[in-house]
Amino acid sequence: MKSITRLEFLIGSAAATAGCKMFNFSSEGDSYSAAVLGDTHYDADPISVYHSHYDNSNPWAKIQNAEFVRNANMWKDRCPKLLNASASLAHREKTDFILQLGDIIQGDCDHVPTHRKMLDDCIKYLRGPYPEALPFLTVVGNHDFRGKGAWDAYFDFAEPFMTKEVAKLTGKSNSKLLKYPAFSFRKGPDLWVFCHFEMEDLNPISDLIDADIQARYVFLVTHGPFTTCSRSGAYRWRLGGNKKSDASRVRLYETLSRRKAIVLSGHTHMTNYYRHENKFGSFCEFTANSVWAKQERATLVSVDDDPSDYKALKGRFTDEQFKDFEEDVAFFKRGLVEYFSNYGAGHYRLDVSNAGVRMKFYPGDALDSPRVFLLA
Ligand SMILES: [Fe+2]
């Protein structure tokens with residue numbers, strides 16, 4: 001594991017300071033900011049609060065019970081601090097909305113009323129410390145519909161909720177319900193697309209982007225990343241990871257590149273940044289993580305910080321699996337020009353203006369950002 005140098009830290013701090021002065025927020029609507037949270041896996045102690053109906057005959061019960069314990073511990077102390085830090089910045093600095101990148105809850109209730117209660121409690125709790133009435137946007141993650149009856153419980157909640165919150169954000173009431181697997185809206189001059197990352201045919205995403213050629217910036221919000229995570233054993237569990245997605249993945253890669261799009265994702269429990277350049281143009285992806293499972297995860301220490309570090313790692317893969325992994329990584333490696341990866345958890349702020357788009361990373365419950373990523 002590489003440790004960040006003093007010089008890197010100073011560059012990051014200087015960039016943050018310069019960025020504050022450089023960005024001009026005078027044009028209302030064209031300049032906006034969001035408090036960003038990665039996966040949160042909201043849960044509670046004792047485990048019986050949300051998991052008293054949990055079916056322990058589930059073949060994944062051992063792993064999932066360990067996750068319940070992890071969540072209960074982190075939501076007792078560290079995650080409330082992280083949330084309060086994000087909210088205090090939202091009180092201090094102009095903030096237009098909260099963006100959460102999926103797996104907002106742990107799920108695994110195996111009981112519809114409890115699953116719904118977990119979602120309601122979670123939204124109320126997460127929203128609590130922020131300025132009142134801030135729109136709260138969240139994208140579907142795999143945990144959000146995990147458990148018996150949870151699929152309908154989640155989507156029956158999430159689609160009307162997002163329709164209402166997007167209306168608050170844009171100031172335009174939607175006559176139609178926003179529906180997964182993909183939907184879009186304009187925030188000022190920018191196109192925002194939200195998708196269900198397990199969708200097999202990615203063409204609806206490309207179609208939504210192609211239908212709005214005037215947008216200043218294009219944001220794609222997906223829980224599972226589009227870029228293969230080279231440090232994940234479940235490297236195909238992402239947007240476009242299914243082999244049935246191969247053709248539409250190529251189209252989306254080109255579409256994102258032509259539009260210099262910004263992909264925002266979660267799922268890997270890492271903080272990752274990728275910039276891709278190719279004959280079509282360029283796009284970047286930022287993966288956020290708010291699963292502050294251990295104190296030491298409040299870190300900026302990178303495990304990878306150069307495109308040459310992006311490679312498939314053998315791990316416990318069979319030769320056949322590893323060949324597939326290498327091919328999948330090669331798809332993105334060919335155009336990778338910037339890369340940062342760490343196991344850090346924290347909160348983030350997204351600033352959007354004519355001058356560019358930047359993402360500030362605040363490890364743990366930090367109130368100062370030691371690292372700013374320029375996304376556009
Ligand atoms: Fe996930």
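In the predicted model, helix H7 meets helix H8 through Asn203, Ile205, Ser206, Ile209 and Asp210 on the H7 side. The H8 side contributes Ser248, Arg251, Leu252 and Thr255. By character, the residues of this contact divide into three nonpolar, four polar and two charged.

The geometry of this helix pair was then examined. H7 covers residues 203-210, and H8 covers residues 246-258. Their axes come within 9 Å and cross at roughly 25°. Angles under 35 degrees count as roughly parallel, so H7 is roughly parallel to H8. The crossing of H7 and H8 is left-handed.

Attention next turned to the sheet. Six strands form an open sheet, in the order S3-S2-S1-S11-S12-S13. The pairing is mixed. Strand S3 (136-138) lies at one edge and strand S13 (371-374) at the other. Each of these edge strands pairs on one side only. Neighbouring strands of the sheet are turned against each other by 25° on average, direction ignored. In general, strands of a sheet pair through backbone hydrogen bonds, either parallel or antiparallel.

Within this order, S11 is followed by S12 and then S13. S11 and S12 run antiparallel and are joined by eight bridges. A hairpin links S11 to S12 through two residues. Gly346 stands opposite Pro363 of S12.

On its other side, S12 is joined to S13. S12 spans residues 356-363. Four bridges connect S12 to S13, and these two strands also run antiparallel. Two pairs can be named here. Arg358 has Leu374 of S13 as its bridge partner. Phe361 stands opposite Arg371 of S13.

Burial was also assessed for S12. The strand is mostly covered. Of its eight residues, seven are buried.

A helix also packs on this sheet. Helix H4 (residues 78-92) lies across three strands. These are strand S1 (32-37), strand S11 (346-353) and S12. H4 runs at about 25° to S11. In the sheet order, S1, S11 and S12 are consecutive.

Taken together, S12 recurs in several of these features. S12 shares eight bridges with S11 and four with S13. H4 lies across S12, and seven of the eight residues of S12 are buried.

Definitions and conventions:
Residues are numbered from 1 along each chain as its sequence is written. This is a predicted model: local features need pLDDT of at least 70, side-chain atom pairs count only at pLDDT 80 or more; totals for chains, interfaces and linings use all residues. Two strands pair if DSSP finds at least two bridges between them. Axes are lines fitted to C-alpha atoms, for helices over the stretch in contact, and angles run from 0 to 180 degrees between N-to-C directions. Two residues are in contact if their C-beta atoms, placed from the backbone, lie within 7 Å. Angles under 35 degrees count as roughly parallel, over 145 as roughly antiparallel, 65 to 115 as roughly perpendicular and the rest as oblique. A crossing is left-handed if the near helix is turned anticlockwise from the far one by less than a right angle, and right-handed if clockwise. Ala, Val, Leu, Ile, Met, Phe, Trp, Tyr, Cys and Pro count as nonpolar, Asp, Glu, Lys and Arg as charged, and the others, Gly among them, as polar. A residue is buried if 20 or more other C-beta atoms lie within 10 Å of its own, exposed if 12 or fewer, and partly exposed in between; C-beta atoms are placed from the backbone.
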